[in-house]
Amino acid sequence: MTYVAKPKFHHPDLPTNDLGYTHRDYEGTISTLCAGCGHDSITAAIIEACFELSIEPHRVAKISGIGCSSKTPTYFLGNSHGFNSVHGRMPSVLTGANLANRELIYLGVSGDGDSASIGFGQFAHALRRGVNMLYIVENNGVYGLTKGQFSATADRGSKSKRGVINTDNSIDLAAMALQLGATFVARSFSGDKAQLVPIIKAGIEHEGAAFLDVISPCVAFNNHAGSTKSFDYVREHNEAVNRLDVIPARAPITVNYAEGAVQIVEQHDGSKLALRKLGADYDLRDRTAAMSFLQRHAAKGQVVTGVLFIDEKPHDLHHHLATVNRPLNTLSEKDLCPGSAALAKINAGLR
Amino acid sequence: MKLTDIGDPNYFHKVVDCQWACPAHTPVPEYIRLIAQGRYSDAYMINWKSNVFPGILGRTCDRPCEPACRRGRVEKEPVAICRLKRVAADFKDDIRERLPKPAARKLGKRIALVGAGPASLTVARDLAPLGYDCVVFDADRKAGGMMRSQIPKFRLPDSVIDEECDYILNLGITFHGGQRIDSLKALLADGYDAVFVGSGAPRGRDLEIPGRAEAAKNIHIGIDWLSSVSFGHVTKIGKRVIVLGGGNTAMDCCRSARRLGGEDVKVVVRSGFEEMKASPWEKEDAMHEDIPIHNYLVPKFFTHENGKLTGITFEKVKAERDAKGRRNLVPAGEPDQHFPCDDVLVAVGQENAFPWIERDIGIDFDKWNMPVVDEKTFVSTNPKVFFGGDAAFGPKNIIWAVAHGHDAALSIHKMLSGENITERPLPDVQVESQKMGIHEWSYHNEITTDHRYRVPLRDKAAALKDIRAEVELGYDPNLALGEAYRCLNCDVQTVFTGQLCIECDACVDICPMDCITFTQNGEEDELRTRLQAPAKNTSQDLYVADNLKTGRVMVKDEDVCLHCGLCAERCPTGAWDMQKYLISMTHAGDGKCQAVRSAA
Ligand SMILES: Cc1cc2nc3c(=O)[nH]c(=O)nc-3n(C[C@H](O)[C@H](O)[C@H](O)COP(=O)(O)OP(=O)(O)OC[C@H]3O[C@@H](n4cnc5c(N)ncnc54)[C@H](O)[C@@H]3O)c2cc1C
Ligand SMILES: Cc1ncc(C[n+]2csc(CCOP(=O)(O)OP(=O)(O)O)c2C)c(N)n1
Ligand code: SF4
Ligand code: SF4
Ligand code: SF4
Ligand SMILES: [Mg+2]
């Protein structure tokens with residue numbers, strides 16, 4: 001952990017966004033994670049994505065569970081709302097907050113331990129309900145905070161730092177998210193911001209349950225030979241299916257894409273995602289194809305990254321429940337109390 | 001672009017902007033850290049070795065280091081490098097024990113030095129301890145040159161000049177004060193093994209316009225008048241004074257006049273206020289003493305009555321660019337202006353004059369009547385005669401005179417040792433990692449946002465009453481500490497080892513200044529546009545290193561790095577390290593002058 005505060009000075013030629021902020025304005029306090037932790041790069045990518053989207057920090061709620069990964073919301077968006085909840089309970093806190101105020105942008109930040117073990121049920125239900133959020137798992141294959149025990153995402157056959165082989169089958173959270181009905185599913189790597197930042201932007205703009213699995217090496221406990229979540233392993237086995245450009249609503253597509261090499265997906269808010277295909281013929285609108293693609297490549301030891309699936313017409317929990325379309329805290333007594341005549345009518349119906 | 005060779009001592013030297021800009025290459029951050037630690041004597045000695053006159057320069061230096069200082073690119077103002085130097089001089093202990101001793105064994109070689117200004121004194125200081133017999137001549141009675149004769153006492157007290165000149169004169173030097181050299185030929189005939197000419201640029205330009213002769217009694221040449229003031233020959237001036245000229249002589253003239261009875265003192269310059277040669281702080285100091293500066297006024301004639309000056313008539317001009325883009329002053333078409341006054345000080349420039357150097361002794365002069373002098377070795381076309389300071393290339397300043405002195409001394413030493421004087425030694429470089437623990441460094445890496453501290457001044461009324469009362473009181477130790485912490489420790493270098501890097505991006509993410517990028521290599525111009533932050537300041541280098549597993553390169557823009565060490569602190573593998581590069585120029589007699597040492 002670093003003791004000095006990050007200096008307030010910034011580069012004189014830093015670009016500013018539509019709000020006049022630099023990316024430095026989206027920082028939180030200085031990270032207390034281990035030097036080199038992949039999670040810090042994800043933090044930086046979230047900062048960059050929010051900066052590029054010109055998001056007003058007070059419109060974001062960042063909610064997390066317990067773990068090194070779940071600590072990271074302190075390190076970005078210092079002016080946003082935050083809730084550091086109980087181990088594995090981020091999804092239910094986020095769901096509740098989202099129901100109460102549908103106007104905020106919800107960032108759920110979790111770890112593989114937090115989501116694939118103690119919070120596995122919560123993870124599943126938030127996705128199957130279609131909560132409008134970006135759910136990010138910072139996936140290092142271990143419980144970093146408690147000193148490196150295998151987590152449920154550790155691959156069978158991979159080796160712990162002390163040389164023990166993992167004999168349990170692993171959970172692929174992206175595959176699970178596909179199966180559970182998430183309407184945006186992606187995977188990326190903390191060591192590849194060029195890929196990660198646009199995916200975070202697309203996930204934030206997606207108006208439904210977006211799930212993002214980010215392989216994020218734990219330099220303290222899971223970055224050795226024999227690990228399948230190390231920088232070297234992921235770089236060697238990374239099978240990126242596409243590269244993404246996020247084009248804001250109303251902006252024309254200025255890049256010239258070669259015919260057939262790009263898929264344009266329009267999001268609900270009018271923004272467009274231009275996905276340049278890489279190698280394999282991959283259709284990101286086909287949920288079942290995506291699931292089998294993942295499984296086939298996982299069997300070969302490959303880590304598939306990119307935007308894996310998008311439902312262009314997502315519906316979220318509010319839509320399913322036909323909730324009131326305003327935040328609850330803006331409802332007055334008049335909106336909330338139907339009056340004694342209405343009560344009498346209900347009571348009469350029950351007699 | 002090409003990978004950076006950090007073994008080249010100039011690479012990291014350039015990163016230390018202040019040291020690189022200092023003509024004598026004083027290791028600035030090293031002495032500033034010592035001041036912060038209260039080690040004033042140590043800070044003084046670092047200065048003394050590099051620039052010979054820390055107490056004098058800490059009050060008067062032209063400070064080319066400050067406009068270069070990195071801090072000035074990060075916030076409003078640079079570190080007060082110059083005034084911190086004074087702190088070292090003010091609060092040091094008696095350092096005489098630490099000075100070199102007169103040589104115990106003489107080499108039997110005699111060197112004559114003409115003039116006892118900073119250039120000659122530097123040569124003598126470097127050579128006397130090596131055993132050379134240095135014989136210094138000056139027309140003035142005391143040593144110091146223009147530091148003593150020109151710079152007013154309210155900026156530089158005599159006690160400081162005495163102290164620092166004595167440190168040199170006590171090294172076993174023969175000083176002949178009050179002895180003008182009238183013939184270089186005769187001096188050479190005395191059998192000296194080498195002669196150093198440090199006679200300065202002693203002649204002030206005059207202004208030949210109508211009325212000059214008639215009103216002569218009240219028209220004074222600035223530098224002659226200032227030396228008369230310094231030596232106590234002139235003690236008063238009229239109430240209304242006009243100073244013509246916009247350089248530092250003019251600033252010293254007007255401020256001196258204010259102290260000798262001038263109540264209505266004004267400076268008048270031909271060109272614009274912005275174009276004046278005086279430094280911004282000199283103009284501020286003058287205006288602080290109620291001296292207005294009038295610009296775009298060209299003097300046409302002196303007015304006089306019964307042989308007494310009554311004023312000056314000026315023509316108003318404006319600046320215009322001609323077809324070739326050159327800036328010219330053309331009449332503004334306004335009526336002439338007349339300023340009444342009692343005395344005029346003409347400070348419109350300074351010239352060299354070598355009436356005492358014969359033209360048949362192998363020293364070539366150019367068409368401007370300046371000696372032909374080699375810019376590196378300072379030798380003239382006569383291999384035994386060297387020039388330095390204002391005498392070499394025209395009027396400059398003290399720190400340049402010192403720098404010339406060091407280089408000339410080295411040449412003389414090499415020549416008299418039978419070596420080739422054109423082969424110059426590399427600087428000495430000491431490299432030392434600053435890592436103490438995982439998050440501990442042996443330098444103060446916390447970055448303060450404090451703005452530049454003002455130097456306390458003597459009360460204006462009191463200052464104007466006494467021409468010998470020093471105006472600046474200097475920082476006290478507390479202010480000095482605050483100012484010292486503003487220094488960014490630019491000599492503590494970010495050193496990168498590609499083999500150790502796992503490309504985790506931790507350094508990129510933590511760097512407050514967006515200095516670091518991992519990317520594909522490319523041509524420099526293009527590479528500069530696609531870094532974390534655009535690298536628009538092309539005078540600052542990009543540090544490019546390879547040996548990364550992904551085949552990319554690490555590119556660091558040195559421009560606004562705070563040297564905070566966070567990159568090294570967040571690096572899990574030690575691929576970044578903070579290493580202090582203490583770079584010292586090699587002077588005559590320092591170890592082996594030939595030593596060729598790699599920095600890495
Ligand atoms: C008014 C004024 C203010 C200045 N203020 C500053 C300032 O604040 N900071 C700064 O850095 N610089 C300042 N300068 C410039 C600085 O003083 C000079 O650049 C510097 O002193 C030059 O050093 P030098 O060794 O070349 O010669 P000088 O200092 O000029 O010394 C030359 C000496 O040689 C002697 N001499 C000349 N001819 C002979 C001879 N034939 N025989 C014997 N002796 C001889 C002279 O008497 C003189 O003492 C100022 C200059 C002036 C005129
Ligand atoms: C209810 C509860 N059970 C167990 C723990 C201990 N614990 C703290 S963090 C953690 C695992 C965190 O792993 P992960 O979510 O992968 O985060 P990482 O540190 O790897 O980023 C565990 C088991 C706890 N804090 N609370
Ligand atoms: S233990 Fe692992 S996950 Fe936790 S901060 Fe350290 S490197 Fe990151
Ligand atoms: S910040 Fe300090 S080391 Fe850097 S240029 Fe300025 S004075 Fe020199
Ligand atoms: S020392 Fe390192 S972290 Fe600090 S500004 Fe320089 S490059 Fe950035
Ligand atoms: Mg984990």
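Two strands pair if DSSP finds at least two bridges between them. Keep that in mind for this tour of a predicted model.

**Stop 1: strand 24 of chain B**

Select residues 576-584 of chain B, which make up strand 24. Now add strand 17, residues 428-433 of chain B. The two strands run antiparallel, and 6 bridges join them. For one facing pair, pick Gln430(B), which stands opposite Leu582(B) of strand 24.

Next, add strand 20 of chain B, residues 492-496. Strand 20 also pairs with strand 24 in the antiparallel sense, over 5 bridges. Here Val492(B) stands opposite Lys580(B).

Is strand 24 of chain B enclosed or open? Of its 9 residues, 9 are buried, so the rest of the structure largely encloses this strand. Show the side chains. Trp576(B), Met578(B), Lys580(B), Leu582(B) and Ser584(B) point one way. Asp577(B), Gln579(B), Tyr581(B) and Ile583(B) point the other way. Both sets are buried.

**Stop 2: a parallel sheet in chain B**

Move to the open sheet of 5 strands in chain B. Its order is 3-2-1-4-16, and the pairing is parallel. Find the edges: strand 3 (174-177) and strand 16 (385-387) of chain B each pair on one side only. From one strand to the next, the twist averages 20 degrees.

Zoom in on strand 1 (residues 110-114) and strand 4 (residues 194-197) of chain B. They run parallel, with 4 bridges between them. Select Ala112(B) and look for its bridge partner in strand 4, Val195(B).

Then add helix 17 of chain B, residues 398-416. This helix lies across strand 1, strand 4 and strand 16 of chain B. Against strand 4, helix 17 runs at about 170 degrees.

**Stop 3: helix 15 of chain B**

Select residues 280-288 of chain B. Which residues of helix 15 are buried? They are Glu282(B), Lys283(B) and Ala286(B). Look down the helix axis: these buried residues fall within an arc of 100 degrees, so they line one face of helix 15. The face turned away from that buried side carries the exposed residues Pro280(B) and Glu284(B).

What covers the buried residues of helix 15? The cover includes helix 14 (248-259) and strand 9 (293-294) of chain B. After helix 15 comes Asp290(B), with a positive phi near 60 degrees.

**Stop 4: two loops in chain B**

Most residues other than glycine have a negative phi. Two loop residues are worth a look here.

Select Asn306(B), in the loop between strand 10 (297-305) and strand 11 (308-321) of chain B. Its phi is positive, near 50 degrees. Asn306(B) is exposed, with a relative accessible area of 80%.

Now jump to His563(B), in the loop between strand 23 (553-557) and helix 22 (566-570) of chain B. Phi of His563(B) is positive too, near 55 degrees. Is His563(B) buried or exposed? At 1% relative accessibility, His563(B) counts as buried.

**Stop 5: ligand 3**

Finish in chain A. Select ligand 3 and show what surrounds it. Leu33(A), Cys34(A), Cys37(A), His39(A) and Cys68(A) are among the residues there. Others in the shell include Asn140(A) and Gly144(A). Cys218(A), Val219(A), Ala220(A) and Phe221(A) also belong to the surroundings of ligand 3.

Color the shell by class. How many residues around ligand 3 are nonpolar, polar or charged? The shell has 8 nonpolar residues, 3 polar ones and no charged ones.

How values were computed: Residues numbered from 1 in each chain as written. Chains lettered and ligands numbered in written order. Predicted model: local features only at pLDDT ≥ 70, side-chain atom pairs only at ≥ 80, totals over all residues. Heavy atoms only, no water. Near = heavy atom within 4 Å. Nonpolar A, V, L, I, M, F, W, Y, C, P; charged D, E, K, R; others polar. Buried < 20%, exposed > 50% of the residue type's maximum accessible area, 1.4 Å probe, protein only. Arc of directions from axis to C-beta. Contact = heavy atoms within 4.5 Å. Axes fitted to C-alpha atoms, helices over the stretch in contact; angles between N-to-C directions.
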